[in-house]
Amino acid sequence: MTTIGFVRHGVTAWNKEGRAQGSTDIPLDEEGIEMAHRVAQRLSGEHWDVIYTSPLIRAAKTAEIIADSMPDIRLVSDNRLRESGGGLVEGLTETERVKKWGHSWRKLELGFEPPAEISLRGIDFIEEIKELYPDKRILVVSHGGFIGRLIKELVPYKDLTVDLANTSITIISLQEDRNQCELFNCTKHLQSI
């Protein structure tokens, strides 16, 4: 049984401003770096075999900070773990989107990455990980939208539709009959911030 620990990246200025990030390469802000150190400290007390990360800087920096707290752990960048492409809405707040396209902007063709393609690359990654790392524990540092969609694919029988918090940890054990969500959207490492 392979276990996947999903970690959403630390916070960015665009997160705080409510701007859609998508594939735009936005760095962590100071608080995001502190959050990454907090999750790294928490995870360093656990056993993980390898870390995979999205190449986008906000996730990659979070993963580097985690890897620095775990000597001898390999860090691998994988483009399949990038955030869902947000097309023309990237960089805009909800207010700006409504002003530009109206309240029904979500129904317009604005260049979003198709949901089926997002799911396909996510499941492709998971299948490869299961084959490469049977009975291992894999950390995956990625993005809220992408992780959320992948969790729905892996654990469709549970309602896990809550927006994932920055540096939250979700752990799923991949099983033959039915994957199990052992931990969801946990941020106890941030309680003192």
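1. Two strands count as paired if DSSP finds at least two bridges between them. The pairings below rest on that rule, and the model they are read from is a predicted one. Strands β2 and β4 (residues 137–142) are such a pair: four bridges join them, and they run parallel. Within this pairing, Ile51 has Leu139 of β4 as its bridge partner.

2. The sheet as a whole. Six strands make up an open sheet, and their order across it is β3-β2-β4-β1-β5-β6. The pairing in this sheet is mixed. At the edges are β3 and β6 (180–186), each of which pairs on one side only. From one strand to the next, the twist averages 20°.

3. The parallel part. Besides its bridges to β4, strand β2 is joined to strand β3 (residues 74–77) by four bridges, and these two strands also run parallel. Two residue pairs show how β2 and β3 line up: Tyr52 stands opposite Val76, and Thr53 stands opposite Ser77. The connection from β2 to β3 includes helix α3 (residues 57–68), and the three elements make a right-handed β-α-β unit.

4. The antiparallel part. Which strand pairs with β1 (residues 2–8) in the antiparallel sense? The partner is β5 (residues 169–174), and the pairing extends over six bridges. One of the residues to look at here is Phe6, whose bridge partner in β5 is Thr170.

5. The two faces of β2. Are the residues of strand β2 (residues 50–53) buried or exposed? Val50 and Tyr52 point one way from the strand, Ile51 and Thr53 point the other way, and all are buried. Tyr52 and Thr53, which point opposite ways, are the residues already placed opposite Val76 and Ser77 in β3. Ile51, bridged to Leu139 in β4, points the other way from Val50 and Tyr52.

6. The largest pocket. This pocket holds about 1100 Å³ of space. It is lined by 33 residues, and the closest to its centre are Glu83, Ser84, Gly144, Gly145 and Asp163. Three elements give two or more residues to the lining: α1 (13–17), α5 (115–132) and α6 (144–154). Helix α6 supplies the largest share, five residues. By residue class, the lining divides into 11 nonpolar, 12 polar and 10 charged residues.

7. Glu17 and Gly148. These residues belong to two of the helices named for the pocket lining. Glu17 is found in helix α1. Its relative accessible area is 43%, so Glu17 is partly exposed. Between Glu17 and Thr93 there are 7.2 Å in space, C-alpha to C-alpha, although they are 76 residues apart in sequence. Gly148 has its place in helix α6. With a relative accessible area of 15%, which is under the 20% cut-off, Gly148 is buried. From Gly148 to Asn185 the C-alpha distance is 9.9 Å, and the two are 37 residues apart in sequence.

8. Ile26. Where is Ile26 found? It lies in the loop between α1 and α2 (30–43). Although Ile26 is in a loop, its relative accessibility is 11%, so it counts as buried. The C-alpha atoms of Ile26 and Arg8 are separated by 14 Å, and these residues are 18 apart along the chain.

9. Two positive phi values. Most residues other than glycine have a negative phi. Asp72 has a positive phi of about 70° although it is not a glycine. Asp72 sits in the loop between α3 and β3, which places it between the helix and the second strand of the β-α-β unit. Is Asp72 buried or exposed? Its relative accessibility is 83%, so Asp72 counts as exposed.

10. Asp135 also has a positive phi, near 60°, and is likewise a residue other than glycine. Its place is in the loop between α5 and β4. Asp135 has a relative accessible area of 59%; exposed means over 50%, so Asp135 is exposed. The helix before this loop, α5, gives two or more residues to the lining of the largest pocket, while the strand after it, β4, is the one joined to β2 by four bridges in parallel.

Key
Residues numbered from 1 in each chain as written. Predicted model: local features only at pLDDT ≥ 70, side-chain atom pairs only at ≥ 80, totals over all residues. Heavy atoms only, no water. 1 Å grid on protein atoms, 1.4 Å probe; cavity = no way out; pocket = protein on both sides within 12 Å on 5 of 7 lines; lining within 4 Å. Points joined across faces, edges and corners; volume = space filled by probe spheres on them. Nonpolar A, V, L, I, M, F, W, Y, C, P; charged D, E, K, R; others polar. Buried < 20%, exposed > 50% of the residue type's maximum accessible area, 1.4 Å probe, protein only. Right-handed = clockwise from strand over helix to strand, strands pointing away. Axes fitted to C-alpha atoms, helices over the stretch in contact; angles between N-to-C directions.
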